[in-house]
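Here is a short briefing to read alongside the model. Have the viewer open, and follow the bullets topic by topic.

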Amino acid sequence: MTAYLLKRLAISVVTLALASIVVFAVLEILPGDPARLMLGMNASADQVELLRNQMGLNAPLIWRYLHWVGGLLNLDFGRSYTYSVPVIDLVRERLAVSLPLALIALALSTIIAIPVGLFSASRRGRAGDTIAMGAAQLGVAVPNFWFALMLIYVFAVWLRLVPAGGFSGWGAGVWPALKSLLLPAVALALPQAAILARVTRSALIEVLNEDYIRTARAKGLPYRAVLWRHALRNAMIPVLTILGLQFAFLLAGTIIIENVFYLPGLGRLVFQAITQRDLIVVESVVMLLVAAVIAVNLVVDLSYAVVDPRLRSRR
C-alpha cells in the first residue's frame, strides 16, 4: 500500500508539472496586452513599454515560468494586475464562497442520488424505476442555469423565501450566508444528482446479480439488509469515482451559476480575470484548481481500498 501511495504521489507531481507548462503556454499565446489594457488605448508606446518592464512581461518566457512556479511552491501567487493586491488574498476571499457552495451542492447531490439509485435498482423494470430514471434523464438533459432561473422565480421572486442573488458574507452570520448559497447549491446539485443516481443504479444492478448476493438472500437475510449492507458497499467504487469528479466540477466549473446568482466565487474571479487579461490571477487560480482536482482524485483512488478490501491484496 505504501508503494502504491508513493507511485500515486509521483504521478500527481508529474501531472502538476505538465499542467503548469500547459497553463502557462496557453495563456501566453492568448491575444491582448495586460499593460495596454491597464493603461487604456490612448496610452503611448513608451508608457506601455515602461509598465511591461515593471510587470516583468518583457523578461524571457523561461525565466517568467520558473519565477511563477517558484512563487507557487512558496504559496506566493504574485500580485494581481487589475486589483493591485496579492492573488492569494483574492483566492482566500473567493474560496470562502466557492468551497462551501461546492460542499453543500455535493452533499445535496449525494443525499438525493444514493436513495434514488437504491430505490430504482431494487425495483428494476417496474413503474417506480421508470419514473425515477425518467426524472434523472430530465435532470441530465436540462442545463443547470435553467434550473437556477426557475429556482429564483419560484423561491426568491414568488415565495420570497431566499434572496435572488448576491452574498451577504460570513460576517453577517452563518444563516444569512447559507441562505445566499442555498439556491445556487440546489441548482448545481440537481443535475449532478441525476448523473449520480443513474451510476448508482447501474452499479447496484450489476452487484445484485453476483453469487454472494444470492447466497445472502438464500441464508434468509432481509432484502433491505442485503441491499444496504452488501450490495451498496460493493457498488461504491464507480459511485466514488463520480463523486470525486463532481466535487472537482463543482469547485472549478461554477462560472455560470456564480454569474447567475452574482456570487463572488472563484469561477467569477477567473471569468473577470480572463476578460481583463489579468494573467497572473488566471494562471494561479487555474493551477490551484488543478491541484485540487488531482488531490481529490488521489483521495478517491485511495478510498477504493477502504471500500473494497480485495483491492488492498492486489496492490
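Is Arg 201 buried or exposed, and what is its relative accessible area? With a relative accessible area of 18%, Arg 201 is buried, since the cut-off for that class is under 20%. Please keep in mind that this is a predicted model. The bullets below start from Arg 201 and its helix, then turn to a second helix pair, the aromatic rings and a loop residue.

**Arg 201 and the α6/α8 packing**

- Arg 201 is part of helix α8, which covers residues 174-208.
- Setting aside neighbours within four places in sequence, Arg 201 is in contact with Gly 117, Ser 120, Ala 121, Arg 124, Asp 129 and Met 133.
- Asp 129 and Met 133 also appear on the α6 side of the packing between α6 and α8, where Arg 201 is listed on the α8 side.
- The α6 side further includes Ala 136, Gln 137, Gly 139 and Val 140, while α8 also brings Pro 191, Ala 194, Ile 195, Ala 197 and Arg 198.
- Helix α6 (residues 127-141) packs against α8 at an angle of about 135 degrees, and their axes are 7 Å apart.
- Angles of over 145 degrees would count as roughly antiparallel and 65 to 115 as roughly perpendicular, so α6 and α8 are oblique to each other.
- The crossing in which α6 passes α8 is left-handed.

**The α5/α10 packing**

- Helix α5 (residues 87-122) and helix α10 (residues 223-234) pack with their axes 12 Å apart, at an angle of about 120 degrees.
- That angle makes α5 oblique to α10.
- Here the crossing is right-handed.
- From α5 come Ile 114, Leu 118 and Ser 122, and they meet Tyr 223, Leu 227, Trp 228 and Leu 232 in α10.

**Aromatic rings**

- There are five aromatic pairs in the structure.
- One of them joins Phe 24 and Trp 68: the ring centres are 6.0 Å apart and the planes stand at 25 degrees, so the pair is stacked.
- Phe 24 belongs to helix α1 (residues 2-29) and Trp 68 to helix α4 (residues 61-73), so this pair ties together parts that are 44 residues apart in sequence.
- Both Phe 24 and Trp 68 are buried.
- Another pair is made by Phe 167 and Trp 170, with centres 5.9 Å apart and planes at 70 degrees, so this one is edge-to-face.
- Trp 170 has 31% relative accessibility, so Trp 170 counts as partly exposed.
- Arg 268 lies over the face of Tyr 262, at 4.0 Å from the ring centre.

**Tyr 65 in the cluster**

- Phe 24, Tyr 65 and Trp 68 form one aromatic cluster.
- Tyr 65 sits in helix α4, and at 15% relative accessibility Tyr 65 counts as buried.
- Apart from neighbours within four places in sequence, the contacts of Tyr 65 are Ala 17, Ser 20, Ile 21 and Phe 24.
- Tyr 65 and Ala 25 are 40 residues apart in sequence, and their C-alpha atoms are 9.1 Å apart in space.

**A loop residue: Asn 42**

- Asn 42 is located in the loop between α2 (34-39) and α3 (45-55).
- With a relative accessible area of 82%, Asn 42 is exposed.
- From Asn 42 to Arg 124 there are 82 residues in sequence and 68 Å in space, C-alpha to C-alpha.
- Arg 124 is one of the contacts of Arg 201, which brings us back to the opening residue.

Terms used. Residues numbered from 1 in each chain as written. Predicted model: local features only at pLDDT ≥ 70, side-chain atom pairs only at ≥ 80, totals over all residues. Heavy atoms only, no water. Phe/Tyr/Trp six-rings, centres within 6.5 Å; stacked < 30°, edge-to-face > 60°. Helix = DSSP H or I, 4+ residues; strand = E, 2+ residues; numbered from the N terminus. Buried < 20%, exposed > 50% of the residue type's maximum accessible area, 1.4 Å probe, protein only. Lys NZ or Arg CZ within 6 Å of the ring centre and 35° of its normal. Axes fitted to C-alpha atoms, helices over the stretch in contact; angles between N-to-C directions. Parallel < 35°, antiparallel > 145°, perpendicular 65-115°, else oblique. Left-handed = near helix turned anticlockwise from the far one by under 90°. Contact = heavy atoms within 4.5 Å.
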